[in-house]
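Q: Could you pick one part of this model and take me through how it packs against its surroundings? I'd like the geometry and the contacts together.

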Amino acid sequence: MSRLRAGIVGGGRGAFIGAVHRIAAELDGEAQVVAGAMSSNPARARASAEAWGLARSYDSYEQMAALEAKRDDGIDFAIVATPNHLHLPVARAFLAAGTHVICDKPLAANLDQAHQLAKAAAASGALFALTHTYSGYPMVREARDWVASGRLGELRKVQVEYNQDWLREPVERAGNKQAAWRTDPAQAGVSCCVGDIGTHAHHLVEFITGRQVESILAELTSFVDGRQLDDDASMLLRLEGGVRGTLACSQIACGEANDLRIRLYGSKAGLEWRQQEPNALQVKPAGEAWAIHRVGDGYLGEAAARATRTPAGHPEGYLEAFANIYRDFMADVRRVAAGEPALGNYPGIEEGLRGLRFVQASVASSNQGAVWVAL
């Protein structure tokens, strides 16, 4: 099978994530984005598609889904890079046409929409992937191996933080398009900060530990006057097997750019990983000197090695991690086309549903005065 053909919905001029999706899809030469419905404004959609050099531009995602499915050279999968409230209708249109879908997170604007999307995916039989990017980093996959292998001993505690500062001022009222939809309940759903970055932190906890969060106690705050949704959150977590944890996420933390970090503590050792220094995993054995394990070194496990593209000493970053999600997804697109079963080595519908349950439980806990709520 030759290079896969992809189409993108959203991600037009002024959007951050669209270009990231394109780079990730095309990084390994496995696919090319050839079609798009890149804006709800037809003129902007055409201008964006022309700037990208796309072969085909559509005025609507409905038109794109229907016509691409009829072409002999139609797209093999669709990329959904829209605001949250459009994830359901856009993904559902392509799934109904039998087209595989890879979607930006969260799965939908709310849990009800997420369940509708899950039903659409099941009825379609097409593949569905969710871009929880941080699970694509080699050293995150190495940390997962440490937990699964028992090298940490009995896992006891996990602490995760995700801090940014770009919403510390009311930039949504000053023409910032990215801030405008994220702080608008009609487009973002019931949460801004927890839905936008807290879901990444939650997924990272469950991905690395292999344990689900069973219940949470949360306090969500909107520090900016007049903002309708949260811009900061603090939580306590209870995970399967008696593991305890904390989760903090903020978009008003002055001085922070994109500081996602996680610490895990077992009975034999601890681990620490930080997204802004992603090529290092800090290992903290009990009673011994701490060590730094780095990307590309020969002592790393198979999962980290598979996710690594460059030799030791050459840093890997966000785009490569994003591309690892795409690479695993596109490998399944090829398997299915060849009549083979999909492996599903990437976040999908179930992770998306758990993410929306997490958001809903966080809001419910906070609204009830910070009480424990089960997921």
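**A close look at helix 4**

A: Helix 3 passes helix 4 in a right-handed crossing (the near helix is turned clockwise from the far one by less than a right angle). Keep in mind that this is a predicted model, where local features need pLDDT of at least 70 and side-chain atom pairs count only at 80 or more, while totals for chains, interfaces and linings use all residues. Numbering starts from 1 along each chain as its sequence is written, and side-chain values use heavy atoms, with hydrogens and water left out.

Helix 3 covers residues 61-70 and helix 4 covers residues 87-96; helices here are DSSP runs of H or I with at least four residues, strands are E runs of at least two, and both are numbered from the N terminus. The two helices pack at about 15°, and their axes are 9 Å apart. Those axes are lines fitted to C-alpha atoms over the stretch in contact, with angles from 0 to 180 degrees between N-to-C directions. Helix 3 and helix 4 are therefore roughly parallel (an angle under 35 degrees).

On the helix 3 side, Tyr61, Met64 and Ala65 make the contact (heavy atoms within 4.5 Å), and helix 4 answers with Pro89, Val90, Ala93 and Phe94. Sorted by class, that's seven nonpolar residues, no polar ones and no charged ones. Nonpolar takes in Ala, Val, Leu, Ile, Met, Phe, Trp, Tyr, Cys and Pro; Asp, Glu, Lys and Arg are charged; the others, Gly among them, are polar.

Helix 4 also has helix 5 (residues 111-124) for a partner: their axes come within 9 Å and cross at roughly 5°. That makes helix 4 roughly parallel to helix 5 as well. Here helix 4 brings His87, Leu88, Ala91, Arg92 and Leu95. They meet Gln113, Gln116, Leu117, Ala120, Ala121 and Ser124 of helix 5. The class count for this contact is six nonpolar, four polar and one charged.

Now carry on past the end of helix 4. Thr99 sits in the loop that links helix 4 to strand 5 (100-103). Its relative accessibility is 7%, so Thr99 counts as buried (under 20% relative accessible area, 1.4 Å probe, protein chains only). Setting aside residues up to four places away in sequence, Thr99 touches Ile75, Asp76, Phe77, Ala78, Phe94 and Ala126. You've met Phe94 already, as one of the helix 4 residues in the contact with helix 3.

Technical notes:
Parallel < 35°, antiparallel > 145°, perpendicular 65-115°, else oblique. Buried < 20%, exposed > 50% of the residue type's maximum accessible area, 1.4 Å probe, protein only.
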